[in-house]
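Visitor: I'm new to this one, and I'd like a close look at a single part rather than a quick tour of everything. Could you take me through the sheet in the first chain and what surrounds it?

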Amino acid sequence: MSMKISTRQVDGVTILDCSGRITLGEGSITLRENVGQLLAKGQKKILLNLGEINYIDSSGIGELVTAFTTVRKQGGDLKLLNLTKKVHDLLQITKLYTVFDVKDDEAAAVKSFG
Amino acid sequence: MTKHKVSYTLDSTLETVENAEQTASQLATDAGFDEDEVMRIAMAVREAAVNAVLHGNCYDPQKKVTLNFEMTSDDLVITIRDQGCGLDVNKIPDPLAPDNLLKSSGRGIFLIRSFMDEVHIHPSQTGTEIKLVKHVHGSAVDGKEASS
């Protein structure tokens with residue numbers, strides 16, 4: 001299953017509901033394009049809901065990092081919501097869990113953007 | 001003693017990566033590994049296949065990727081070989097180093113070493129061979145091993 005993203009707005013925060021796989025190729029490109037389009041429209045408060053992401057490889061991890069640093073460089077913020085155990089474990093192994101702001105409650109996550 | 005052995009020669013495409021991952025997942029399942037171990041094995045094979053296709057063969061249609069899966073009574077052994085210039089193992093960065101944490105790439109070999117019991121990398125001028133070993137009854141060695 002490739003990656004699918006749907007977008008919604010909640011109190012000024014853009015939530016990307018992601019499902020499927022973030023892997024080298026299609027999945028990584030889909031994420032990159034969606035984040036790029038949001039930044040182009042000036043939407044810099046981004047919450048990535050990864051609750052339906054069942055697989056991510058090193059390229060996908062790299063894409064998350066790129067999205068995070070790109071948004072930060074433009075004065076915005078990107079946070080992660082609802083990590084599955086697999087994604088959580090991968091972020092722990094790669095020491096990225098503490099780099100990202102990881103949330104497990106959507107309302108609290110939206111509020112945290114200020 | 002080898003119970004089962006299968007080999008593939010594949011093109012340098014992303015489809016090869018998907019095939020390698022799926023084959024590893026199926027063989028690991030058939031070998032009796034649990035779901036988490038199957039995922040780790042399949043991901044390690046996927047990362048090695050990505051390296052072979054992307055960094056080794058650079059998607060060159062003239063160059064092939066060779067995959068060997070061997071199931072013995074003790075181990076699942078997977079060998080992936082490309083026809084590139086040979087990986088310089090001394091130049092593999094530590095993705096956990098503070099300066100590298102926010103880099104967009106460089107985590108593949110690290111994940112492979114994290115997920116397999118033994119990893120042996122053999123670079124040469126005619127390509128790189130990476131041998132991945134998962135012990136059937138859990139890790140028999142203390143810690144991960146990587147040698148060139």
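Guide: Let's start with how much of chain A is tucked away: buried residues make up 42% of its 114 residues. Keep in mind that this is a predicted model. The radius of gyration of chain A is 13 Å, close to the 13 Å that the globule rule gives for 114 residues, so chain A is as compact as a globular protein of that length. Along the principal axes, its C-alpha atoms fill a box of roughly 30 × 25 × 25 Å. Sequence-distant parts meet a lot here: take the contacts in chain A between residues at least 6 apart in sequence, and 72% of them join residues at least 24 apart.

Now the parts list. Chain A has four helices and five strands, and from the N terminus on they run β-β-α-β-α-β-α-β-α.

On to the sheet you asked about. Five strands of chain A form an open sheet, in the order β1-β2-β3-β4-β5, with mixed pairing. At the edges stand β1 and β5 of chain A, each with a single partner strand, so one side of each is left without a neighbour in the sheet.

Move inward and look at β3 of chain A, which covers residues 45-56. Eight bridges join β2(A) to β3(A), and these two strands run parallel. If you want a pair to find on screen, A:Ile22 stands opposite A:Ile56 in β3(A). On to the next pairing: five bridges join β3(A) to β4(A), and that pair runs parallel too. Here you can look for A:Ile46, whose bridge partner in β4(A) is A:Leu78.

How covered is β4(A)? Mostly: four of its five residues are buried. Helix α2 of chain A, residues 58-73, lies across β2, β3 and β4 of chain A. Against β4(A), which spans 77-81, that helix runs at about 140°.

A:Ile46 turns up again in a nonpolar core of 30 residues, which also includes A:Ile61, A:Val71 and A:Leu90. That grouping fits a broad pattern: in soluble globular proteins, nonpolar side chains tend to be buried together. This core is a second, separate one; the largest nonpolar core has 35 residues, and B:Ile41, B:Ala44 and B:Leu132 are among those with the most contacts inside it. In that largest core, α2(B) gives the most, with eleven residues.

Back in β3 of chain A, have a look at A:Glu52, which lies in that strand. Is A:Glu52 buried or exposed? Somewhere between: A:Glu52 has 14 other C-beta atoms within 10 Å, so it is partly exposed; being buried would take 20 or more. Leaving out residues up to four places away in sequence, A:Glu52 touches A:Cys18 and A:Ser19. For a sense of scale, A:Glu52 and A:Thr98 are 46 residues apart in sequence and 21 Å apart in space, C-alpha to C-alpha.

Two loop residues deserve a stop as well. A:Asp11 sits in the loop between β1 (4-10) and β2 (13-22) of chain A. Its phi is near 50°, a positive value in a residue other than glycine. Around A:Asp11 there are 9 other C-beta atoms within 10 Å, so A:Asp11 is exposed. The other is A:Lys95, in the loop between α3 (85-93) and β5 (102-103) of chain A. Phi of A:Lys95 is near 60°, again a positive value in a residue other than glycine. With 14 C-beta neighbours inside 10 Å, A:Lys95 counts as partly exposed.

Last, step out to where the chains meet. The contact takes 16 residues from chain A and 17 residues from chain B. On the chain B side, α1 (14-30), α2 (35-56) and α3 (108-115) are the elements that give two or more residues. Of these, α2(B) gives the most, with five residues. By class, that side of chain B has ten nonpolar, four polar and three charged residues.

Notes: Residues numbered from 1 in each chain as written. Chains lettered and ligands numbered in written order. Predicted model: local features only at pLDDT ≥ 70, side-chain atom pairs only at ≥ 80, totals over all residues. Buried ≥ 20, exposed ≤ 12 C-beta atoms within 10 Å, placed from the backbone. Contact = placed C-beta atoms within 7 Å. Nonpolar A, V, L, I, M, F, W, Y, C, P; charged D, E, K, R; others polar. Core = buried A, V, L, I, M, F, W, Y, C linked by C-beta atoms within 7 Å. Rg over C-alpha atoms; globule rule 2.2 N^0.38 Å. Pairing = 2+ DSSP bridges. Axes fitted to C-alpha atoms, helices over the stretch in contact; angles between N-to-C directions.
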